[in-house]
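Trainee: I keep meeting labels for residues and features. Can we go through how each label is earned?

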Amino acid sequence: VQLVESGGGLVQPGGSLRLSCAASGSIHSIGPMAWYRQAPGKQRDMVARVTKKGFTNYADSVKGRFTISRDNTKNMLFLQMNSLKPEDTAVYYCNGEVIDYGSGFENEYWGQGTQVTVSS
């Protein structure tokens, strides 16, 4: 199983970006998925999380600006980021709890990360 993020980049303050995460491999089903971020010298923190049924929760710092969504038919996860601030600068990671056909158990997987830089 692999999770691959895309969509990061450089954006000015107040701008928008949309991150995508594609899950592939021997996937039976995917439970909760989430976006985390890690700024230099800081710990990795959860940004937003979405259950398989679509229930969401967000870090206080991004509420009202970020929207997490998923497409269960395509094993995709998204993060729409609006009104970006310099403090949103970080490497963003996709996370998913995946049941694969091989083990039959739920395991946690991470993507490799995508850089988001908010700067003028």
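Trainee: Let us start with R44. What does R44 touch, not counting residues up to four places away in sequence?

Mentor: R44 touches Y36, R37, Q38, Y93 and W110. Remember that this is a predicted model. R44 is found in the loop between β4 and β5.

Trainee: Why is R44 called partly exposed?

Mentor: Its relative accessible area is 31%. Buried means under 20%, and exposed means over 50%. The value for R44 falls in between, so R44 is partly exposed.

Trainee: How far is R44 from S6 in space?

Mentor: Their C-alpha atoms are separated by 18 Å. Along the chain, R44 and S6 are 38 residues apart.

Trainee: Now I27. Why is I27 called buried?

Mentor: I27 has 11% relative accessibility. The limit for buried is under 20%, so I27 counts as buried. I27 lies in strand β4.

Trainee: Which residues does I27 touch, leaving out those up to four places away in sequence?

Mentor: I27 touches V1, N75, V98, I99, D100 and Y101. As for M76, its C-alpha is 12 Å from that of I27, with their positions 49 residues apart in sequence.

Trainee: What makes S26 partly exposed?

Mentor: S26 has 38% relative accessibility. That is not under 20% and not over 50%, so S26 counts as partly exposed. S26 is found in the loop between β3 and β4.

Trainee: What does S26 contact beyond its neighbours within four places in sequence?

Mentor: S26 is in contact with V1, I99, D100, Y101 and G102. V1 is 25 residues from S26 in sequence. Their C-alpha atoms are 6.1 Å apart.

Trainee: On to the cysteines. How do you know that C21 and C94 form a disulfide?

Mentor: Look at the sulfur atoms. They are 2.1 Å apart. The cut-off is within 2.5 Å, so the pair qualifies as a disulfide. By this rule the count is one disulfide.

Trainee: Which parts of the chain does the pair link?

Mentor: Distant parts. C21 is in strand β3 and C94 is in strand β9, 73 residues apart. C21 and C94 are both buried.

Trainee: What is the handedness of the link of C21 and C94?

Mentor: The link is left-handed, with -75° about the S-S bond.

Trainee: What is special about the phi of N75?

Mentor: N75 has a positive phi of about 55°, although it is not a glycine. Most residues other than glycine have a negative phi. S83 is another case: its phi is positive, about 50°, and it is not a glycine either.

Trainee: Where are N75 and S83 found?

Mentor: N75 is in the loop between β7 and β8. S83 is in the loop between β8 and β9.

Trainee: Why are N75 and S83 called partly exposed?

Mentor: N75 has a relative accessible area of 23%. S83 has 41% relative accessibility. Neither value is under 20% or over 50%, so N75 and S83 are partly exposed.

Trainee: Next, the largest nonpolar core. Which of its members touch the most other members?

Mentor: They are W35, L79, M81 and Y92, out of 30 residues in the core. The elements giving two or more residues to this core are β3, β4, β5, β7, β8, β9 and β11. In soluble globular proteins, nonpolar side chains tend to be buried together.

Trainee: How do you know that L79 is in contact with W35?

Mentor: Contact means heavy atoms within 4.5 Å, and W35 is on the list for L79, so the two are in contact. That list leaves aside neighbours within four places in sequence, and includes L17, V47, F66, I68 and Y92.

Trainee: Last, the largest pocket. What lines it?

Mentor: The largest pocket is lined by 13 residues. R37, A39, K42, D45 and E87 lie nearest its centre. Its volume is about 190 Å³.

Trainee: Which element gives the most to the lining of the largest pocket?

Mentor: β5 does, with three residues. β4 and β5 each supply at least two residues of the lining.

Trainee: How does the lining of the largest pocket divide by class?

Mentor: The lining has five nonpolar, four polar and four charged residues. R37 is among the residues nearest the pocket's centre, and Arg counts as charged.

Conventions: Residues are numbered from 1 along each chain as its sequence is written. This is a predicted model: local features need pLDDT of at least 70, side-chain atom pairs count only at pLDDT 80 or more; totals for chains, interfaces and linings use all residues. Side-chain values use heavy atoms; hydrogens and water are left out. On a 1 Å grid over the protein atoms alone, a cavity is a set of points where a 1.4 Å probe fits but cannot get out, and a pocket is an open set with protein on both sides within 12 Å along at least five of seven lines; lining residues have an atom within 4 Å of a point. Grid points are joined across faces, edges and corners, and a volume is the space filled by probe spheres set on the points. Helices (H or I, at least four residues) and strands (E, at least two) are DSSP runs, numbered from the N terminus. A nonpolar core is a set of buried Ala, Val, Leu, Ile, Met, Phe, Trp, Tyr and Cys residues joined through side-chain atoms within 4.5 Å. Buried means under 20% relative accessible area, exposed over 50%, partly exposed in between (1.4 Å probe, protein chains only).
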